[in-house]
Amino acid sequence: METLIKARNIGKYYQMGEVTVKALQGASFEIYRGEFVVILGPSGSGKSTLLNTIGGMDTVSDGELYYLNTALHNADSHKLTNYRRNNVGFVFQFYNLIPSLTAYENISLSAEIASNPYSVAEMLEKVGLSDRATHFPAQLSGGEQQRIALARAVVKNPDILLCDEPTGALDFDTSIQVLRLLKDFCENSGKTVILITHNNAIAKIAERTFYLKDGKLVNIETHDNPLPPEKVTW
Amino acid sequence: MLWRKMLRDLKDNRGSYIACIIVMVIGLMVFTTFSMVMDNLNLSKDTFYFNQNFADGFADIQAMPYSKIEDLRNIEGIREIQGRLIKDVRVLIPGREDNIYLRLVSTDPKIDKPVNGVALERGISLDEEKMNIWIDNNFFAANGLELNDEIQIIAEGKKRSLSIVGVGSSPEFVYAMRTTSDLFPKPEEFGIAYMPYKVMEGLFQERATVNNIVFTLKADGQYKNIEDLLKPELESYGLLTMYPRKDQASNIILSTELEQLKNMGTSLPLLFLSVASVILYIMLKRMIENQRGQIGVMKALGYTNREIIAHYMSYALVIGLAGGLLGGVLGVALARPFTNMYQMYFNMPDLSSGFSPAAIIEGVLLGLVFALFAGYRGCRKVLTLQPAEAMRPNAPIAGKAVLLEKIEFFWNMLTVQGKMAVRNMFRHKGRSAFIIVGIMFAFALLGSCWSMWELSEQMLFDQYEKVEVYDVKISLNRPVDQDSVERELKSFPGVKRLESKAEIPATLKYKWNKKDVVILGLPADSELHRISDDDGNRLFTTPYGIMLSNRLAQLLGAEVGSSIIFESMMAKDPDFRYELEVTAIVPQYMGVNAYMDLEYLQSVLNQGEIVTTLMLSMDQEKVTDLRTEYHNSVGISGIEDRNKMLMQLKELMATYSATIYIMLLIGIIVGFAIIYNSSVITVSERSRELASMMVLGMTSKEVLSVVTFEQWFLSIFGMLAGIPLTKLLLVALAQSLSNDVYSMPSSFGSMTLIVGFVITVASIWIAQRAAASKIKALHIADVLKAGE
């Protein structure tokens, strides 16, 4: 399998007054093309920090990080912007849709800057919200908003989809719908999905689970037979 | 997509953006109007001066042979020189009781392109053998005259009839006033008529003489050099005054007006555009803070910094474009009535206002420069925002105790809302400073507007209600013996008091400064021309020395005790030169004069007891009799009725009031825009906090009080700071508006402060009512539910 992301001893440190907070330290791993990875850990374990560095939203303080052959650890902001623009899609816990744009326009916002995007209408259909195209975020339910956010991330046709607690604000049924969409995206298009959660149950749908604790990657678990999202309960 | 986002964001906050655009529109409108009017005036002035060969130098003499002009033509540096006769005559129009004058100016129809030539609007050439005239277009129109009409004048005591054969104007009389005390042209009472020299010399028995000389310079000629060569030549013919074009009465007024237009056209737009820029800057900065999550998303999606900055700059672009276009178009539209208004005062043939795309483009560009600069300053924070950091809510502003908390007495007096407001002011120092500065400007604008109004009234009415308190003033054609003229008038029925006055043209010199002025010789105990000091205490002329008006003292650089040199052509000795001590400096708003004791002045001049003016206090009903009796006297050049003068002044002031109301309205708009925007920003930024207070059970009124308390508190400081700024503005205005006709005072009274205060408070209150509706519209549940 082709290695998409390679990390060697990466760390992220923040200076808080005289104290140095080590949000992430000494993490080494590889993530492959077409893989579904879940990063699991309690609050403050460094999940989001890891996701942000992988997504080029933040730089590492230490170690080496590569996307294919591109070094991300010493990339300037211009290079990181290009990386996010062409290779990464993000889904956030609180959707972060632009309130003044409709569902369709929110997805277009992302499609407009991509080099090889999917059709916006097609994406809307895929997430089952074609009839909501002209609705503003305030007129959509949480689940619908998250599906739009997912469509917005996927429409760019990125190599990697990064999801930060995408079901954190959703009820169970809606969460399963969203997980199904993510799984489909991964399986049908051969793209990599990295999802962070503190919900152990969700880890069962992944091919591999990274366990984080106190900023350290403590374990990587491989599942030979991941469960379909519909089989998961919590 | 980002354009749509921008348009919707603008729509959601339209109140604030509209307020910002209005302030910008006002600034650009003033800019466009003033620069267009200035261009129109400058263009027609330059064209008119050039086409009509406007003189570079002027000289008034008592009488010089016409043939002498030929000799003067040889003076090095002079291109053309011409001699003329100029005489003021009274016009008799049936049914009109007021004094109507024509200034007759001789012209030589044989000269092809004379100096100060007349631009003939219509009519035919002057006939050297006939009593025919060209007349100035304003007088012609104001008195409903027609070509070939005959008008009656009194020349040398005889009634004469002149035939109007042409209508035109001359660069010499663009702003035609009979005397400098007239203040503004009155075309129905005073006009210019041009008549052939030959006819005119016969009319006045001035055989082959001239009393006025005009000349133009060669390209390399210097006025100063010519003056030095020409003066000795003219002195033997009784040179009265000699001055360059820049000191010519009509040109002074026109140039001063252009200078004022330039000053106002620069400073006012700058003020408004600065206010608009600050509003825009704060609004964009606030939006960037509010939308940091959205910026984070855009960055996460891969939008570059440049794209995001461009997006936020597009808000400024739209504001700048809208403000610029609207301001430019309104400015162009306003330029026409303004130019027409100037046409009423400045008589130039080509003065008109066209459509000027260049002016609109200039306005738009200026609007864009200010808006984009403010926009960039407001949104450059986007550049430093890291995407991961942007996704997190802003860290709350450090909540430490503020300085005022140490004043326990004050702090304990405050309600919880008050305490919140005070802490908030200190935490948002930039915004607090904006409110203070904005209110300071609004207050100063209102205060100085009002003060200008009061001062203009004071200037005009003080002169005719406190200083010159005669009922009738009779001006004489030439100096006459005091005793004989007083004897003649004293016995006239209804005359209660009679005082003589000598108005003597003079040159005053102090160190390297010199100024041509009229010295007023007043009786020591004058009751009809009362001079006072700054505090209103009466001052009396002393039997020695000279008193100077404050502007004259300033121009000469003289003070009490200075020894100044007094020269006058009216003295017996042709080389007269006298040293005088300055005994007092007196406030004088109208004209620039010096004052001496009449007897002392007469003795210094050594021409006997001469006077030039008579001031009478008399029964009002007898004024008409006096006028009838002396109307046609040869020796009298004018009879002025003070009551009529006052009435005219009141009419003039009434026309100014519209301008004052507009300025007051602008002040209100600025105050409103500032407070409204600061309220809206506060409400949107602190919606969670305000909604939480409503959840606790506070009414929207109580919640509003947190915002309003803050604004009132800051506004008080703004208004206090506005007092010295008002003074500063008035000093600057006084300096730029003062000239030889008026000396603008810069003091202001309590009424200015009251007006400034009341109107500022009113505009703040109105803005707060508008902002209150935003608080009422807060949907508590939605606000609190919204994610961080």
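**Exercise 1. In the predicted model, find which residue of strand β9 of chain A is the bridge partner of A:L40, and then work out how the sheet around this pair is built.**

Step 1. In β9(A), the bridge partner of A:L40 is A:Y211. This pair can be placed between two strands, since β3 (residues 36-40) and β9 (residues 208-213) of chain A run parallel and are joined by four bridges.

Step 2. In general, the strands of a sheet pair through backbone hydrogen bonds, and the pairing may be parallel or antiparallel.

Step 3. Widening the view, one finds an open sheet of six strands in chain A, with the order β6-β7-β8-β3-β9-β10 and mixed pairing. Its edge strands, each of which pairs on one side only, are β6 (88-91) and β10 (216-222) of chain A. On average, and with direction ignored, neighbouring strands of this sheet are turned by 20 degrees against each other.

**Exercise 2. State which strands of chain A helix α1 of chain A lies across, and which strands helix α5 of chain A touches.**

Step 1. Helix α1 (residues 47-54) of chain A lies across β3, β7, β8 and β9 of chain A, and it runs at about 155 degrees to β8(A).

Step 2. Helix α5 (residues 142-154) of chain A packs on the sheet by touching β6 and β7 of chain A, and its direction makes about 170 degrees with that of β6(A).

**Exercise 3. Check whether the length of helix α9 of chain B agrees with the span expected at 1.5 Å a residue.**

Step 1. Helix α9 of chain B covers residues 305-345, which is 41 residues, and should therefore span 60 Å, because the expected span is 1.5 Å times one less than the number of residues.

Step 2. The end C-alpha atoms of α9(B) are 57 Å apart, which agrees with the expected value. One should also note that α9(B) bends by about 30 degrees at B:M313.

**Exercise 4. Decide whether B:P587 is buried, partly exposed or exposed, and describe its surroundings.**

Step 1. B:P587 has 18 other C-beta atoms within 10 Å. A buried residue needs 20 or more and an exposed one has 12 or fewer, so B:P587 is partly exposed.

Step 2. B:P587 is placed in the loop between β19 (578-586) and β20 (593-597) of chain B. Leaving aside residues up to four places away in sequence, B:P587 touches B:D534 and B:N550.

Terms used: Residues are numbered from 1 along each chain as its sequence is written. Chains are lettered from A and ligands numbered from 1 in the order in which they are written. This is a predicted model: local features need pLDDT of at least 70, side-chain atom pairs count only at pLDDT 80 or more; totals for chains, interfaces and linings use all residues. The bend at a residue is the angle between axes fitted to the seven residues ending there and the seven starting there. Two strands pair if DSSP finds at least two bridges between them. Axes are lines fitted to C-alpha atoms, for helices over the stretch in contact, and angles run from 0 to 180 degrees between N-to-C directions. Two residues are in contact if their C-beta atoms, placed from the backbone, lie within 7 Å.
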